[in-house]
Amino acid sequence: MQLSTNISNSYELLEFLKNQNLLENHPEFWWPSASSFEILIGAILTQNTKWINVEKSLENLKKLDIVSLEKLRDVDTQTLVLAITPSGFKNQKSVRLKLLAKNIIDEFGSFETFCITVSKEWLLEQKGIGLETADAILCYACHQEFMVVDKYTQRLVKHFGFEFESYEDLQAWCEYGINENFDKISELYGFEISLNKLYCRFHGKIIEFMKSNKL
Ligand code: 39A
């Protein structure tokens, strides 16, 4: 990590991270299985645990073939609890996952309609969904223009001298610098990239950078 690096906005942070090729061996939108219902499961399972534990739970769910709205709603609770044990808070998370699946079916009918029409407000009304989880679902499953920020983002920007009082303030700082400089983005990337994909990859770069212990 170049301790001498100075940044004055989130576009410069993106530039700094982009030069390090952090996403070379990762999917296009960084989060595995982006655009699918699996994102909703991962976004809830990842609360208060490490991603490696989420991967184990997801593996179990895939083996049992319960990675869809209807199957999750209908699976018996004990089977679900056992499958998601690796990612912790198994009883609480299983109740929340089943209820979310039921509410999506009742309100939207299908995952596709959910992705097109769901709002952040609706997600925040669901049990166990806070700002970060809602944004992860909107960004990675629904490809809406929300950037996810988290503890890693907070720690990284603090290192560069930026501190924020709330999740929303940190998110606004991340999004503002990118939007203000969007005319430079296609030059930086060498191709046109959508704002949603940029947010996905920016968040992914932040997590991979922090996990590589460069700070
Ligand atoms: N903390 C994390 C992650 N670490 C992750 N990946 C690695 C792929 N995802 C998708 C979410 N949260």
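Select the shell of residues around the ligand: its members divide into five nonpolar, no polar and one charged. The model on display is predicted, and the tour begins at this site.

Show the side chains of the shell. The ligand is surrounded by W30, W31, P32, W51, I207 and K211. Next, select K211 together with the ligand. An N or O atom in the K211 side chain lies 2.4 Å from a nitrogen atom of the ligand.

Then display a surface over the protein. Of the 300 Å² of accessible area that the ligand has on its own, 88% is covered by the protein. With the ligand hidden, the space that remains visible is the largest pocket, the one taken by the ligand.

Leave the ligand and turn to the cysteines. How many disulfides are there? A disulfide requires two cysteine sulfur atoms within 2.5 Å, and by this rule the count is zero.

Select C115 and C142. The sulfur of C142 is the nearest cysteine sulfur to C115, at 3.7 Å, and C115 is in no disulfide. Is C115 buried or exposed? The relative accessibility of C115 is 12%, so C115 counts as buried.

Finally, select C139 and C200. C139 likewise is in no disulfide; the nearest cysteine sulfur, 3.5 Å away, belongs to C200. Colouring by accessibility places C139 among the buried residues, with a relative accessible area of 0%.

Note on methods
Residues numbered from 1 in each chain as written. Predicted model: local features only at pLDDT ≥ 70, side-chain atom pairs only at ≥ 80, totals over all residues. Heavy atoms only, no water. Buried < 20%, exposed > 50% of the residue type's maximum accessible area, 1.4 Å probe, protein only. Near = heavy atom within 4 Å. Polar contact = N/O pair within 3.5 Å; in protein donor to acceptor, adjacent residues only side chain to side chain. Areas by Shrake-Rupley, 256 points an atom, 1.4 Å probe, with all protein chains shown as cover. 1 Å grid on protein atoms, 1.4 Å probe; cavity = no way out; pocket = protein on both sides within 12 Å on 5 of 7 lines; lining within 4 Å. Sits in = over half its atoms within 2 Å of the grid points. Nonpolar A, V, L, I, M, F, W, Y, C, P; charged D, E, K, R; others polar.
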